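Here are my notes on the model you shared, set out as numbered points. I hope they are handy to have beside you as you turn the structure around on screen.

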Amino acid sequence: MAMPRPTAAQLAYGSCTVIFSTLAMLLLSQTSSGAGIAVICVAALALGLLVAMTVPLPGKRPAAVEQPAPQQPLRASVPAPAPEPVRERAAS
């Protein structure tokens, strides 16, 4: 099974994460030993890989969850009044 190729967004996010996290960790730790720099670089590469793999792929959207239709309010049904007999007016 062939591995899918990374998208441009995955490459961009992963690369930026590696660069910025390496700089931030080196500046914050103020390490100057080779072993410390190597550990920071490996950690930054792992973080960049994690970020690149979590970028959503195009066309792979989760199915929308169908919401149930809202219930219609109950209407009180009142029976129609019985028709009254027609009353004629007396001629005056």
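1. A good place to begin is Ser21, which sits in helix α1. Please keep in mind throughout that this is a predicted model. Ser21 counts as buried because its relative accessibility is 11%, and the cut-off for that class is under 20%. A polar atom of the Ser21 side chain lies 3.4 Å from the backbone oxygen of Val18. Setting aside residues up to four places away in sequence, Ser21 touches Ala44 and Leu47.

2. Now for the wider setting. Two packed helices are described by the angle between their axes and the distance between the axes. Here helix α1 covers residues 8-29 and helix α2 covers residues 34-54; they pack at an angle of about 150°, and their axes are 8 Å apart. With that angle, α1 is roughly antiparallel to α2, because angles over 145 degrees fall in that class. The crossing of the two helices, α1 and α2, is right-handed.

3. Which residues in α1 and α2 meet? From α1 come Gln10, Tyr13, Gly14, Thr17, Val18, Ser21, Thr22, Met25, Leu26 and Ser29. From α2 come Ile37, Ile40, Cys41, Ala43, Ala44, Leu45, Leu47, Gly48, Val51 and Ala52. By class, the residues of this contact of α1 with α2 divide into 13 nonpolar and seven polar, with no charged residue. You may like to colour them by class on your screen.

4. Gln10 deserves a look of its own. This residue of helix α1 is buried, with a relative accessible area of 7%. The Gln10 side chain reaches two backbone atoms that I would point out. One is the backbone nitrogen of Thr7, at 2.9 Å; another is the backbone oxygen of Ala52, at 3.2 Å. Ala52 is itself among the α2 residues in the helix contact, so if you are following the α1 and α2 pairing by eye, you will meet both Gln10 and Ala52 in that list.

5. Val51, in helix α2, is partly exposed at 25% relative accessibility. The C-alpha atoms of Val51 and Gln10 are separated by 7.9 Å, while the two residues are 41 places apart along the chain. Leaving aside neighbours within four places in sequence, Val51 is in contact with Tyr13 and Thr17.

6. Val18 brings us back to helix α1. As noted for Ser21, the backbone oxygen of Val18 lies 3.4 Å from a polar atom of that serine's side chain. Not counting neighbours within four places in sequence, Val18 is in contact with Ala44, Leu45 and Gly48. Ala44 is thus a residue to click on twice, because Ser21 also touches Ala44. The C-alpha atoms of Val18 and Val51 are separated by 9.3 Å, with their positions 33 residues apart along the chain counted end to end.

7. Is Ile40 buried or exposed? Ile40, a residue of helix α2, is buried, with a relative accessible area of 9%. Ile40 and Thr22 are 18 residues apart in sequence and 6.5 Å apart in space, C-alpha to C-alpha. Apart from residues up to four places away in sequence, Ile40 touches Thr22, Met25, Leu26, Ser29 and Thr31. Among these, Thr22, Met25, Leu26 and Ser29 belong to the α1 side of the helix contact.

8. For Met53, also placed in helix α2, the label is exposed, because its relative accessibility is 55% and that class begins over 50%. The C-alpha atoms of Met53 and Tyr13 are separated by 9.6 Å, and the two residues are 40 apart along the chain.

9. Last, please check the loop between α1 and α2, where Gln30 is located. Most residues other than glycine have a negative phi. Gln30 is not a glycine, yet its phi is positive, at about 50°. Gln30 is also exposed, with a relative accessible area of 69%.

Notes: Residues numbered from 1 in each chain as written. Predicted model: local features only at pLDDT ≥ 70, side-chain atom pairs only at ≥ 80, totals over all residues. Heavy atoms only, no water. Axes fitted to C-alpha atoms, helices over the stretch in contact; angles between N-to-C directions. Helix = DSSP H or I, 4+ residues; strand = E, 2+ residues; numbered from the N terminus. Parallel < 35°, antiparallel > 145°, perpendicular 65-115°, else oblique. Left-handed = near helix turned anticlockwise from the far one by under 90°. Contact = heavy atoms within 4.5 Å. Nonpolar A, V, L, I, M, F, W, Y, C, P; charged D, E, K, R; others polar. Buried < 20%, exposed > 50% of the residue type's maximum accessible area, 1.4 Å probe, protein only. Polar contact = N/O pair within 3.5 Å; in protein donor to acceptor, adjacent residues only side chain to side chain.
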